[in-house]
Structure formats: C-alpha cells, structure tokens
Amino acid sequence: MSVLVTEFDFELPKGYVDPDGSVHRRGVMRLATAADEIYPLKDPRVQNWPAYLIVILLARVVTKLEGMSEVNAGVIEGLFSEDLAYLQDLYNRVNGLSRQVLTVRCPSCAHDHEVEVPPLGGS
C-alpha cells in the first residue's frame, strides 16, 4: 500500500528576514488543492495584478516557516527573489506541474541519458 505524501519540508536559499532582523529558512509546503488554485482568482489583488497570483498561492500552501506564527501574503511579499523562485519551483514540482528531467551518465558505457524523475508522493 502506498502512502500519499502531502507535506514537504524545505529550506530557503536566503531566508525570510522578519522586522526584528531574524532570518527564517526552514518551512513546510503542502500539496495544493483545487480551491488553492481557484479562490485566489477572485481576489481583487490578483484581478488587478495577475502576477500577484503566486503570492496568494504560496501564502495558502506554505503552512510553516520556522519561528513564524503564520505565513501570509505579507511574508511571501517579503521574500528575496531567489527564495520566491525556489518556492515557485517547489510548488510546481510537488504538484506535478513540471517535468523533472535529469541527465545521468551510465557507469558502464559513460553515455549520458536524460531520465524523467517521478513526481514526489506519486505511486
């Protein structure tokens, strides 16, 4: 019997710096639901500025950030660009929205091959 993994630990490359100057790097992201993808489309911030969608999405699915009582849109807005890109990539990978292809070298013939890595939590 296979178990579906729904939460994924992560560590931000730079980390969120809170107003007190503390850096928060470790967190947890959960799988997105249909509601996570649909409800933000009704948010006026997204309707006025479609690029804001990723902020709302990540604020919904990032459930923990070490030392923070909550993760909201303001926290996501305060991330460094590298951390935002990291979380966007993680979101796409764990939700099966992007192919993960690696180049591997055969130890016998030394030929390079591209191999697609199955999605996390998949069967």
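**View 1. The buried residues of α5 in this predicted model.** Asp 83, Leu 87, Leu 90, Tyr 91 and Val 94 are the residues of α5 that end up buried. Look down the helix axis and they sit within an arc of 100°, so they line one face of α5. As for what lies over them, the cover includes β1 (7-17), β2, α1, α3 and β3.

**View 2. α5 from end to end.** How far does α5 reach from its first C-alpha to its last? With 14 residues, the helix spans 20 Å, close to the 20 Å expected at 1.5 Å a residue. Carry on just past α5 and you meet Gly 96, which takes a positive phi of about 70°.

**View 3. Helix α3, mostly covered.** This one runs through residues 53-61, and seven of its nine residues are buried. The buried set is Ile 54, Val 55, Ile 56, Leu 57, Leu 58, Ala 59 and Val 61. What do they pack against? Their partners are the strands β2 and β3 (62-65), along with the helices α1 (34-38), α2 (44-48), α4 (73-77) and α5 (81-94).

**View 4. A nonpolar patch on the surface.** Val 17, Val 23 and Phe 80 together make a patch of about 240 Å². Val 23 belongs to strand β2, which covers residues 23-30. Its relative accessible area is 45%, so Val 23 counts as partly exposed, a class that lies between the under 20% of buried residues and the over 50% of exposed ones. The strand that holds Val 23 is also one of the elements that the buried residues of α3 pack against.

Terms used
Residues numbered from 1 in each chain as written. Predicted model: local features only at pLDDT ≥ 70, side-chain atom pairs only at ≥ 80, totals over all residues. Heavy atoms only, no water. Patch = residues over 30% accessible without salt bridge, like charges linked within 9 Å, V, L, I, M, F, W, Y side chains within 5 Å. Areas by Shrake-Rupley, 256 points an atom, 1.4 Å probe, with all protein chains shown as cover. Salt bridge = Lys/Arg side-chain N within 4 Å of Asp/Glu carboxyl O. Helix = DSSP H or I, 4+ residues; strand = E, 2+ residues; numbered from the N terminus. Buried < 20%, exposed > 50% of the residue type's maximum accessible area, 1.4 Å probe, protein only. Contact = heavy atoms within 4.5 Å. Expected span 1.5 Å × (residues − 1). Arc of directions from axis to C-beta.
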